[in-house]
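Please look over the sequence and the structure shown here, and then follow the account below, which moves from charged groups to aromatic rings and on to a single arginine.

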Amino acid sequence: MALSHPSKSPVKRITIGTHSVPVYWKESEQGWQAKWVEHGEVRRKFSRSLPKLRKAIKAIFASLADELDWGALTPDQKTVCKEAIRLGITLDDLARLGRVSATASLSDVLAEFLESKKPGGANCSERHYRDLSSRCRAFVSSVGKSKPISAISAQQVETFLSKLKTRAGKSVSLNTRKNHRDSIQNMFNWARSKGYLPRHEPTVMGYIDRIVRPEGSKQIWEVDEMRLMLRCCPEEYLPWLALSAFAGIRTAELFPEQRKWNTKP
């Protein structure tokens, strides 16, 4: 590949085979800097030792000699290369991805994840653990226990969430779907923190829109209406009604089993 160099009088030149690179002395840094143009971009290499700089330039030219033969690539390979260039993926990025455990299956990750969340400490309550276990196990069973976690796509997660059904076969509520999504994201975030996924990149859950609960309608009870409800409320529900009405506690945190209430005065 032909290399050119920026216009400036060099102090020295490093010649490797047919390549010749200008080298300048940088007084401010007390070292040598090679400077050339490659693929239309200015490249620089600095070292305080001229022999070390020569060695580094030689290594760069050796890598250029092994450049990709674009004409020999298949259409799919060309597409991958173009996408990597568009996204700015570097050799360091590829090396980091190569260190990610591609063999970690969903079932293995799930087992470790649930083990780390077992109740008993400050990590997780029993109820939260049951919810995590139930929702994540359902996802893993649906997608495939033996599949590598690094191979799971956003579409697979979205398909699982969209097909969630109640025991009666009806579509689940938006709130239930949100809870499943949050539990799955919890597992993927944990997997990333343990090195099963790239640490400095979003997980597949980052490409799935968050599910937002719709705000319910608010209603303010009049004094006479509240008095009527307290008078007609069964005795076992009076504490619930009083707390719900006067303590500002959310109804979802207090709601008992559904029963028919006598609303007649």
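**Charges, rings and a buried arginine**

In this predicted model, the count of salt bridges comes to 7. One of them joins the side chains of E29 and K26, with N and O 3.2 Å apart. E29 is classed as partly exposed because its relative accessible area is 34%, and K26 is likewise partly exposed, with a relative accessible area of 25%. Another pairs E115 with K118, where the closest N and O atoms are 3.3 Å apart; K118, at 43% relative accessibility, counts as partly exposed.

A third salt bridge brings together the side chains of R181 and D182, at 3.9 Å from N to O, a distance that falls within the 4 Å cut-off used for such a bridge. How do the two partners stand with regard to burial, buried or partly exposed? R181 has a relative accessibility of 1% and therefore counts as buried, whereas D182, at 24%, counts as partly exposed, since buried here means under 20%. R181 and D182 also belong to a network of salt bridges that links them with K178 and R210.

The chain in which these charges sit has 9 helices and 4 strands. Read from the N terminus, the order of the elements is β-β-β-β-α-α-α-α-α-α-α-α-α, so the strands precede the helices. Of the 265 residues in the chain, 29% are buried, and the chain exposes about 18600 Å², of which carbon and sulfur atoms supply 52%. When contacts between residues at least 6 apart in sequence are considered, 46% of them join residues at least 24 apart.

F113 offers a view of how separate parts of the sequence meet. This residue lies in helix 4, which spans residues 106-116, and it counts as buried because its relative accessibility is 0%. Setting aside residues up to four places away in sequence, F113 touches L132, C136, N186, M187 and W190. The C-alpha atoms of F113 and K194 are 9.7 Å apart in space, although 81 residues separate the two in sequence. Ring pairs, moreover, link F113 with W190 and Y196 into a cluster.

Aromatic pairs number 5 in the structure. One of these is formed by W25 and W32, which are arranged edge-to-face, with 5.1 Å from centre to centre and 65° between the planes. W25, at 34% relative accessibility, counts as partly exposed, while W32, at 14%, counts as buried.

The last stop is R177, which is found in helix 7, a helix running over residues 174-193. What is the nearest side chain of opposite charge to this buried residue, and how far away is it? It is E158, at a distance of 11 Å, and R177 has no salt bridge; the separation can be set against the 4 Å cut-off that a salt bridge requires. A polar atom of the R177 side chain does, however, lie 2.8 Å from the backbone oxygen of L161. L161 appears again among the residues in contact with R177 beyond its neighbours within four places in sequence, a group that also includes S162, L164, V172 and I211. R177 is thus a buried arginine without a salt bridge, while R181 is a buried arginine that shares a salt bridge with D182.

Key: Residues numbered from 1 in each chain as written. Predicted model: local features only at pLDDT ≥ 70, side-chain atom pairs only at ≥ 80, totals over all residues. Heavy atoms only, no water. Helix = DSSP H or I, 4+ residues; strand = E, 2+ residues; numbered from the N terminus. Buried < 20%, exposed > 50% of the residue type's maximum accessible area, 1.4 Å probe, protein only. Lys, Arg positive; Asp, Glu negative; His and termini not counted. Polar contact = N/O pair within 3.5 Å; in protein donor to acceptor, adjacent residues only side chain to side chain. Contact = heavy atoms within 4.5 Å. Areas by Shrake-Rupley, 256 points an atom, 1.4 Å probe, with all protein chains shown as cover. Phe/Tyr/Trp six-rings, centres within 6.5 Å; stacked < 30°, edge-to-face > 60°.
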